[in-house]
Amino acid sequence: MNHAIKPSGNELAVKVSGLTRRFRGKVAVDDVDLQIPAGQVFGLVGVNGSGKTTLIRHLIGGLMPQSGSVRVLGLDPIADRVDVLRRTGYLTEEDTLPRWMRVGELLDFYRGVQPNWDQRFAGELCDMFRLDRTQKLSSLSKGGRARVGLLAAIAHRPELLILDEPSSGLDPIARGEILETVIRTVNDDGRTVLFSSHLLDEVDRVCDRVALIHGGRIIEEVELLSLGQQYEEVVGRSDGPEAPLGDSYASFGYKSDGQEWSVLRRTDDSINRSETDPSWVSRPATLSRWFDARVSQQENRIPQESAS
Ligand SMILES: Nc1ncnc2c1ncn2[C@@H]1O[C@H](COP(=O)(O)OP(=O)(O)OP(=O)(O)O)[C@@H](O)[C@H]1O
């Protein structure tokens, strides 16, 4: 059976506009606009507490927008919660499955409540994830339970799969093989994946596009294929204690081990480029170098509230 979904090219799986959320007056998500085209594997990256889970909870109807709007597969996750949950798969890092159940009992439960459940696919996934239906969840490792959670998140072939820090619970085998295979399988069908993680090598391997969230705000979105054309890392030696490339908008993320400097800069920075010592070497920026530099740039910024 072919389960592929063919997005028309301009459909949005997720559309978030002007979303703000405060907890006891403290902002967790700050005026976020986010659009994820159907069929993409989209990464959401950010340091701890940057707002990833709060944003994701709005997508599955777990939080109501205080201001702004959220649409998932064209639906309102609060008003159309049941439809959204039927068409969405969700796995979080939290280990909350009922441990007194056996794997098979839990899967039968999901089959009963999820009308789109694909029993044959669930069986294939059980084999692939090396799960035994007779085993009690309490006797599985944390990684084993995370695999059951992953199976339950995808066996109804969701149009949108949301993975919120799934790797925290998965053992290295599941991380390396299973997660990547699952994301590719879901995406090969033309379905959309939103993958929130702090493990940048995983994000780099599977995602098409990445948004960096910091302090509740989306700081930047990049296409992974063109990141190295937009940003470069410049590395060289400098005797002085000063940052060698000046402090224009385009050069930031300075790191030094005492002698060697590493600087991130935008490749469209022609002024700084002409002033660079020719002995310095430049190379395309990696996702992790870009992430470090962008986060440190944000953290060194004086907060708006205390600037006056
Ligand atoms: N229910 C809540 N009550 C109060 N504050 C909250 C609540 N949920 C989140 N926050 C706060 O909102 C901010 C964003 O948290 P959030 O969990 O969304 O970040 P995150 O990027 O998912 O972090 P992590 O990577 O650690 O899971 C943090 O300052 C957090 O303490």
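## Helices and overall make-up

A helix here is a DSSP run of H or I with at least four residues, and helices are numbered from the N terminus. The model is predicted. Its protein chain holds 11 helices and 13 strands. Of its 308 residues, 37% are buried.

Contacts reach far along the sequence. Among those with a separation of 6 or more, 70% join residues 24 or more positions apart.

## The ligand shell

Ten positions can be read off around the ligand. They run from Phe23 and Ala28 to Gly46, then Asn48, Gly49, Ser50, Gly51, Lys52, Thr53 and Thr54. By class, 7 of these shell residues are polar, 2 are nonpolar and 1 is charged.

Which helix gives the largest share of the shell? Helix α1, residues 52–59, does so with 3 residues.

## Helix α1

Is α1 enclosed or open to its surroundings? The rest of the structure largely encloses α1, because 7 of its 8 residues are buried. The buried set is Lys52, Thr53, Thr54, Leu55, Ile56, His58 and Leu59. Lys52, Thr53 and Thr54 are thus buried in α1 and also part of the ligand's surroundings.

After α1 comes Gly61. Its phi is positive, near 75°.

## The largest nonpolar core

The largest nonpolar core has 68 residues. Leu151, Ile162, Val193, Leu194 and Phe195 touch the most other members. Helix α5, residues 142–154, gives the most to this core: 7 residues. Both domains take part, with at least three residues each from domain 1 (12–215) and domain 2 (226–307).

Phe195 shows how one of these residues is packed. Setting aside neighbours within four places in sequence, Phe195 is in contact with Val41, Phe42 and Gly43. Its other contacts are Leu163, Ile183, Val203, Val206 and Cys207.

## Helix α5

Helix α5 is mostly covered, with 11 of its 13 residues buried. The buried stretch takes in Gly144, Arg145, Ala146, Arg147, Val148 and Gly149. It also includes Leu150, Leu151, Ala152, Ala153 and Ile154. Two arginines, Arg145 and Arg147, are therefore on the buried list, where a residue counts as buried if 20 or more other C-beta atoms lie within 10 Å of its own. Leu151 is buried in α5 and is one of the core residues that touch the most other members.

Does the length of α5 agree or disagree with its residue count? It agrees: at 1.5 Å a residue, the 13 residues should span 18 Å, and the end C-alpha atoms are 19 Å apart. The expected span is 1.5 Å times one less than the number of residues.

Key
Residues are numbered from 1 along each chain as its sequence is written. This is a predicted model: local features need pLDDT of at least 70, side-chain atom pairs count only at pLDDT 80 or more; totals for chains, interfaces and linings use all residues. A nonpolar core is a set of buried Ala, Val, Leu, Ile, Met, Phe, Trp, Tyr and Cys residues joined through C-beta atoms within 7 Å. A residue is buried if 20 or more other C-beta atoms lie within 10 Å of its own, exposed if 12 or fewer, and partly exposed in between; C-beta atoms are placed from the backbone. Domain bounds come from an automatic or database domain assignment. Two residues are in contact if their C-beta atoms, placed from the backbone, lie within 7 Å. A residue is near a molecule or strand if its C-beta atom, placed from the backbone, lies within 6 Å of it. Ala, Val, Leu, Ile, Met, Phe, Trp, Tyr, Cys and Pro count as nonpolar, Asp, Glu, Lys and Arg as charged, and the others, Gly among them, as polar.
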